[in-house]
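Work through the exercises below with the structure open beside you. Try each task before you read its solution.

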Amino acid sequence: MASYGEKQACVSGLGQSSINRKPSVYPFKLAVEACLRAIEDAGLTIDDIDGAACWPGGVNFLGEGPSAAAVGDIKNSLGLKLNWYSSGEGAAMFAPVINAIGAIAAGYATHVLCWRAVGERWVPTYSHANAAGGPLPRVAGWMQWTAPYWAPSAANWTALVAGAHMHRYGITREQMAAIPIVQRRNAGLNPNAIYREPLTMDAYLGARMVTTPFCLYDCDVPCDGATAVIVSRLDAAKDLRRKPIRFEAVGAAATDRMDTWFARDDFPHMMMHDAARAMWRRTDLKPKDVGSAHLYDGFTYLAMFWLEALGFMKEGEVGAFIEGGRRISLDGELPLNTNGGQLSEGRLHGLGHLHEAVLQLRGQAGERQVKDLKVSVTGVGGGGFGGALLLTNEDL
Amino acid sequence: MSDEVVLSRPLPVITEMNAYFWRSGQKGRLEILRCEACGLYIHPYAALCPRCRSEAVSPEPVSGRGTVASFTINHQPWFPHVPVPYVIALVQLEEQDDIRLVANLPGCPIEDVRVGLPVEVCFEQHGDIFVPLFRPAAGADRG
């Protein structure tokens, strides 16, 4: 196995803001809160931070909306002195982390502050803006292929890919239900989760539909909140407050001839399948070595696609694997989204999954702690982009 | 379609790259970009053929026939002027499996839509833009 740069990098600090279903704290302040907590958690000072990365990109002075804090905003508030920074696109919500690993490997930085801050409750979403009436906006780029057909949401796009997969393999909504039901049970053990009351099969099957096969409980919960992680060079993190959680492998790839939601040769695969393959090529570990999975669940089916993409079962077998929820429960063979995921905790948009994976590997997950955990996998994104991280608490 | 109320849609910004697609309906047909060297159909648009890298890519009329590769019945009122539920389909063109277009299916009751349903293109005019839509093909078994 070649010596890949990620093996010399780790997560040294974690920070999360309050998670708000209703607009209550200005989203930019949530981003600052998460960043300060991550630096303190690592046992570092602000002056130790020499790199910064966030996603998505954007100019300074964001404050709210889909991205509530740009690099410049946090830099200015914390007085960071940066040798390197990035707000680049890339492997979905893991772009900051994977870019930071690259920067550390290149020697640009030692301790990189990475964050994702969402303030989508503070500002009207696309659909709310339309609901206000008035002329419809012109659309460009990817949206031109969807919005003219009144399909403006990733819920619709994911539903189209999921529908093809369900049809091909005979997967049912009763099988899908295991994911929101199990995750809601996990959220009951997570004091920070937005929705913690148990979800029953009857409630799931009786819920209002959003876009078939997705009902309300198949769609994640928009919120205002922020997550920050410190990515450090491994040898510089050995004597810090927390045990370093090492990156065993990263996956970010785009290998199909036409990488869009619908035009791939291997439809109904998505970009996550490329990312997952790329990740496994960089490690000797195998799916059987993984003790917990923290997979993007903007919609139920994305987590299902991730499970297949990562090779936990054969193509088309995810329905049978999750059915009834036993295997993906906390005491099952592959605990999934132990914090409740975005379906219950809230849409922290990817970095929430990394936050939970690291908590679990540190043994800090409280009542929902997975026993004897050594390796966790997390994957984010889906359709038009994707990124995967394999993490371990074992020494190199 | 003169007997149907035409509801407004978010319309595309027309550019050098996409005008052929959104305006070919004026000629009563659908056009898709195609590589003259290797014959690959390409959608969404590209400047070179992604298979053989030829620069000789240009719009070419297609049959307008296809099948429903997938569909979703949308219940969420994203647009208050559009009655829900409505069908959003993914139509796979007869010429090439991976040319898949998102579309609505006017003239197809929700209960009739199914994977594999044969469909054919029709157009809905919005000024100088002709939005390609699909109807069940004549004689299609709506199963």
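Five exercises follow, each with a worked solution.

This is a predicted model, where local features need pLDDT of at least 70, side-chain atom pairs count only at pLDDT 80 or more, and totals for chains, interfaces and linings use all residues. Residues are numbered from 1 along each chain as its sequence is written, while chains are lettered from A and ligands numbered from 1 in the order in which they are written.

**Exercise 1. The two chains**

Task: find how many residues of chain A are in contact with chain B, and which element gives the most.

Solution. Start with the contact rule: the C-beta atoms of two residues, placed from the backbone, lie within 7 Å. By that rule, 38 residues of chain A are in contact with 33 residues of chain B. Next, look for elements, which are DSSP runs numbered from the N terminus: helices (H or I, at least four residues) and strands (E, at least two). On the chain A side, α4 (126-131), α5 (154-169) and β5 (209-211) give two or more residues. α5(A) gives the most, with six residues. Last, sort this side by class: 21 residues are nonpolar, twelve polar and five charged. Here Ala, Val, Leu, Ile, Met, Phe, Trp, Tyr, Cys and Pro count as nonpolar, Asp, Glu, Lys and Arg as charged, and the others, Gly among them, as polar.

**Exercise 2. The nine-stranded sheet**

Task: give the strand order of the open sheet of nine strands in chain A, and say which strands stand at the edges.

Solution. Read the order across the sheet: β3-β2-β4-β7-β1-β8-β11-β10-β9, with mixed pairing. Strands pair if DSSP finds at least two bridges between them. β3 and β9 (292-295) of chain A each have a single partner strand, so one side of each is left without a neighbour in the sheet. Now check one pair. β9(A) joins β10 (residues 375-381) of chain A in the parallel sense over four bridges. There, A:His294 has A:Thr378 in β10(A) as its bridge partner.

**Exercise 3. The sheet in chain B**

Task: find the residue in β3(B) that stands opposite B:Leu33.

Solution. Begin with the open sheet of three strands, ordered β2-β1-β3 (chain B), with antiparallel pairing. Strand β1 (residues 31-35) of chain B pairs with β3(B) over five bridges. B:Leu33 stands opposite B:Pro59.

**Exercise 4. Two packed helices**

Task: describe how α10(A) and α11(A) pack.

Solution. Take helix α10 (residues 271-280) and helix α11 (residues 300-309) of chain A. They pack at an angle of about 35 degrees, with their axes 9 Å apart. Axes are lines fitted to C-alpha atoms, for helices over the stretch in contact, and angles run from 0 to 180 degrees between N-to-C directions. Then name the residues: A:Met272, A:His273 and A:Ala276 meet A:Phe305, A:Trp306 and A:Ala309. The residues of this contact divide into five nonpolar, one polar and no charged.

**Exercise 5. A loop residue**

Task: is A:Ser87 buried, partly exposed or exposed?

Solution. Place A:Ser87 in the loop between β3 (84-86) and α3 (95-106) of chain A. Recall the cut-offs: buried means 20 or more other C-beta atoms within 10 Å of the residue's own, exposed means 12 or fewer, and partly exposed lies in between, with C-beta atoms placed from the backbone. A:Ser87 has 19, so A:Ser87 is partly exposed. Leaving aside neighbours within four places in sequence, its contacts include A:Cys54, A:Trp55 and A:Ala70. A:Ala70 is 17 residues away in sequence and 7.4 Å away in space, C-alpha to C-alpha.
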